[in-house]
Amino acid sequence: MATTTTTSTTAPLPALGGDSTPASLEARDVSAWFGDHKVLDRVSLTMPAQQVTALIGPSGCGKSTFLRILNRMHELIGSAALAGQVLLDGADIYDRGRRITHARRQIGMVFQKPNPFPAMSIYDNVLAGLKLNGVRATRRERDGLVEECLTRAGLWKEVRDRLRQPGGALSGGQQQRLCIARSLAVRPRVLLMDEPCSALDPTSTRRIEQTIHELSQEVTIVIVTHNMQQAQRVSDQCAFFLAEQGTPGLIVEHGPTGAMFTSPRDNRTADYVNGRF
Ligand code: ADP
Ligand code: MG
């Protein structure tokens, strides 16, 4: 018989991070270096709860690095040296004594290339994050969570009859929605998405955008995108990153998405959003 951490079979599993309400995220004066190479220069940005923030800007200006810094992912992949603070609902995720898991359970990440475990079943893919964290649940809790997360990711109806098939058997767009479902299973308060649609066809892209729209009331979303129409369709606010001629990346301008596209304050923003570089 499966071991259970709760006596109820219907109550949802608790959030791994202890709280599943959408949180604000604030970067304060974040600078980053790879060796001697400074790639971010005093980036400050508030990403309010229940809003979608789009990070836009040319390749190489530090958007992915910034996104990874927001959930301490960079510490896992050949780390950048870092200065500044990242506050999750006001608490610095880099405070000494705060463990990396504390941030990463509350701040999920979805990548450009869908990366489900290809040989693992769709069902087990959704639960992978819980297993990695040693969470035990009854069969009924697991079933409920899988259905809930796949529904929130807009995939349930397509896969409900094939949950035991491998994740790798799904189409690219379905795999990306499976990755979204997997990241939702630990009930994050913030979801970071690094060009989640770049590898997808237009139909799959629109479905992910619909999912982002639906999720945005339940989880704070930060999305990197090169697609200016997408930034306008999904985001409430935008931040334009730029790294000019060997200088580190910084935010040139940020604000409500509508204003950024109709009346940018900086000429470089105007050039970028109008496709002039
Ligand atoms: P973007 O996502 O905006 O394209 P990145 O954050 O990927 O930009 O890269 C910003 C800068 O940091 C680039 O100059 C890139 O070459 C450098 N960079 C990124 N990751 C690493 C790494 N792991 N080691 C060394 N330099 C890196
Ligand atoms: Mg990038």
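A residue counts as buried if 20 or more other C-beta atoms lie within 10 Å of its own. This model is predicted. In it, C61 has 24 other C-beta atoms within 10 Å, so C61 is buried.

**C61 and its surroundings**

C61 sits in a loop. That loop runs between β3 (52-56) and α1 (63-70). Setting aside neighbours within four places in sequence, the contacts of C61 are F241, L242, A243 and G249. Two of these names recur in the span of a strand treated below: β9 covers residues 237-242. G246 lies 185 residues from C61 along the chain, yet the C-alpha atoms of C61 and G246 are separated by 9.8 Å.

**The strand before the loop**

How many residues of β3 are buried? Five of its five residues are, and the strand is mostly covered. In a regular strand the side chains alternate between the two faces of the sheet. On one side of β3 stand V52, A54 and I56, and on the other T53 and L55. These residues are all buried, so both faces are covered by the cut-off of 20 or more C-beta atoms within 10 Å.

β3 pairs with two strands, as tabulated here.

| Partner of β3 | Residues | Sense | Bridges | Bridge pair |
|---|---|---|---|---|
| β8 | residues 220-224 | parallel | four bridges | V52 with I221 |
| β9 | residues 237-242 | parallel | four bridges | L55 with A239 |

V52, which is on one side of β3, stands opposite I221 in β8. L55, on the other side, has A239 of β9 as its bridge partner.

Key: Residues numbered from 1 in each chain as written. Chains lettered and ligands numbered in written order. Predicted model: local features only at pLDDT ≥ 70, side-chain atom pairs only at ≥ 80, totals over all residues. Buried ≥ 20, exposed ≤ 12 C-beta atoms within 10 Å, placed from the backbone. Contact = placed C-beta atoms within 7 Å. Pairing = 2+ DSSP bridges.
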